[in-house]
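Here are some notes on the side-chain contacts and strand pairing in this structure. Please read them with the coordinates open.

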Amino acid sequence: MLGTRHKVSGPQTPDVWARNMKTIHACLLAIEFLALTLAPTYAANRYVTLAGAHISPFTSWTNAARDIQSAINVAANNDAVFVSNGVYAIGSTILLNKKISVQSVNGAAQTSINGGGNKRCIEMTNGATIDGFTITGGWAVYGAGILSTSGMVVNCIIQNNTAYNPGPINQAVGGGASLENSTMRNCIVASNTSEIAGGGIDCYKNVLVENTSILNNSAPAGAGLCVEGSTTIQNCLIARNVADTQGGGIFNLSTGVQCIHCSITENTAGTEGGGIYALGSISVVNSITHGNDAPLNSNYYGSTMSYSCTAPPKAGSMNISSSPMFANPGAGDYRLLGASPCIDAGTNIIGIVSDRDGLPRVLDGNLDGVTAPDMGCYEYWNVSGNSTQEGHMLIQWPGATNRKYSILTTTNLLLPFSPMATGITGRTPFNTYTNPTLDAVGFFSVIME
């Protein structure tokens, strides 16, 4: 998904602005999955590639297993299984039943696990980790893509999986994933279906869903998420999910549920609660629940809110009801425009130090000298430009240490941008770049690589 960032701000003299055409152009931000800066140490490594010699115990790429389950079977606790590129069409559900990490080498765009439309893709227990796969074609009564009763799902794309209802008792939940005592982080859960509830995710109990986009899922109830037990949902985008009855975004049946720094928008419910439908209690903080649709209570039903944006006005501390002013919702960009009332309108929450993009949180988005978190899953950041005494353009932007950035430039916004500098290693809280060309005239853009 591409996101348009925002015009520069900061003190500029008229002559400097004239020289530099007064603008650093908005930046295009590509979300991608990135590895942790510090890699953990494993007891032993196992390898999987479709071209491997399949010689157990699969401790080299030459002797690598040709299927993921074989490598899991010989691994011991605290081992790592590394999987090379390809589509791994499975004959039976992958049982990830040890405290090991199974991770792709080049990420979810290059490596997928396909259930073939007739089986669950992955079943996880005992604190296992799955990292960097596209999980698709799953079919099961619950947890069609992933069923995790104790584990961690990170950097995955979970899409086009179906939880079916065998009847006569309604059972189907968790088209994309069904989670218990588990964490999902930095994932995309999209276009999954359940015949009963939880088209995207079913959260059974003790679940953390973090920095995840939950998009275009469908179910009779709880198209995005169905929450059945204690769950925290934070820094998540929940958008364009469609429920036949209640809870287009979230359908909550439990107590002890928190929704922190989420953007819940453009979800639809056929009867009530387009954004959130809560029969249990759900605490919504620093979030946006706006622009959803249903015949009754289009944005919310039954939730408590504070420091959040919704309509109609919701009783609670520092809630607002104005439009959040998303950058380009038609293109799926739910970041904030510079004039958004959601900027710096949240309250500080210990432990949340980045946004959905991995950028630092908290920033002084409205440049009033006071840093405060924004409502929603994205923190607004100003890209500023100034001129040095020598006449160079100095560009400054917020950054993260696990990101790399490029500076692009053009002399005319009708013409394509071209690279000026690439591979700039991110720093926290701010990055700077000085254009080596004197009296540079043009427009500039900062993008994440």
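1. Y47, W61 and F82 form a single aromatic cluster in this predicted model. The search that covered the whole structure returned six aromatic pairs.

2. One of the aromatic pairs is F251 with Y277: the ring centres are 5.6 Å apart and the planes meet at 10 degrees, so the pair counts as stacked. The cut-off behind that word is an angle under 30 degrees between the planes. F251 belongs to strand β26 (residues 250–252) and Y277 to strand β30 (residues 276–278), so the contact joins distant parts of the chain, 26 residues apart. Both F251 and Y277 are buried.

3. Which ring does Y277 stack with besides that of F251? The ring of Y301 has its centre 4.9 Å from that of Y277, with the planes at 20 degrees, so this pair is stacked as well. Here too the contact links distant parts of the chain, with Y277 in strand β30 and Y301 in strand β33 (residues 300–301), 24 residues apart. Is Y277 buried or exposed? Y277 has a relative accessible area of 9% and is therefore buried. Y301, at 33%, is partly exposed.

4. Y301 also takes part in a nonpolar surface patch of about 280 Å², together with L253 and L279. L279 sits in the loop between β30 and β31 (282–285). With a relative accessible area of 52%, L279 counts as exposed, because the cut-off for that class is over 50%.

5. Two arginines sit over tyrosine rings. The charged end of R120 is placed over the ring of Y142, 5.2 Å from the ring centre. For R335 the ring is that of Y378, and the distance from its charged end to the ring centre is 4.5 Å.

6. R335 has an acidic partner too. Its side chain meets that of D357 in a salt bridge, at 3.0 Å from N to O. R335 lies in strand β37 (residues 333–336) and D357 in the loop between β37 and β38 (384–387), which places the partners in distant parts of the chain, 22 residues apart. Are R335 and D357 buried or exposed? R335 has a relative accessible area of 0% and is buried; D357, at 1%, is buried as well. Both values fall in the buried class because its cut-off is under 20%. D333 joins R335 and D357 in a network of salt bridges.

7. How many salt bridges does a search of the whole structure find? The search finds eight. Side chains of opposite charge can pair when their charged atoms come close. One of the bridges is between R240 and E266, whose closest N and O atoms are 3.0 Å apart. R240 is in the loop between β24 (237–239) and β25 (242–243), and E266 is in the loop between β28 (263–265) and β29 (268–269), so this salt bridge ties together parts that are 26 residues apart in sequence. R240 is partly exposed at 30% relative accessible area, and E266 is partly exposed with a relative accessibility of 30%.

8. Another salt bridge joins the side chains of E180 and K205, at 3.7 Å from N to O. E180 is in strand β16 (residues 177–185) and K205 in strand β19 (residues 201–210), so the pair ties together parts that are 25 residues apart in sequence. K205 has a relative accessible area of 36% and is partly exposed.

9. The strands that carry E180 and K205 also pair with each other: β16 and β19 run in the parallel sense over eight bridges. Within this pairing, T183 has L208 in β19 as its bridge partner.

10. Which other strands pair with β19? Strand β22 (residues 225–227) pairs with β19 in the parallel sense over three bridges, and I201 stands opposite L225 in β22. Strand β23 (residues 231–234) pairs with β19 over four bridges, again in the parallel sense. There, V207 stands opposite T231 in β23.

Definitions and conventions. Residues numbered from 1 in each chain as written. Predicted model: local features only at pLDDT ≥ 70, side-chain atom pairs only at ≥ 80, totals over all residues. Heavy atoms only, no water. Phe/Tyr/Trp six-rings, centres within 6.5 Å; stacked < 30°, edge-to-face > 60°. Helix = DSSP H or I, 4+ residues; strand = E, 2+ residues; numbered from the N terminus. Buried < 20%, exposed > 50% of the residue type's maximum accessible area, 1.4 Å probe, protein only. Lys NZ or Arg CZ within 6 Å of the ring centre and 35° of its normal. Salt bridge = Lys/Arg side-chain N within 4 Å of Asp/Glu carboxyl O. Patch = residues over 30% accessible without salt bridge, like charges linked within 9 Å, V, L, I, M, F, W, Y side chains within 5 Å. Areas by Shrake-Rupley, 256 points an atom, 1.4 Å probe, with all protein chains shown as cover. Pairing = 2+ DSSP bridges.
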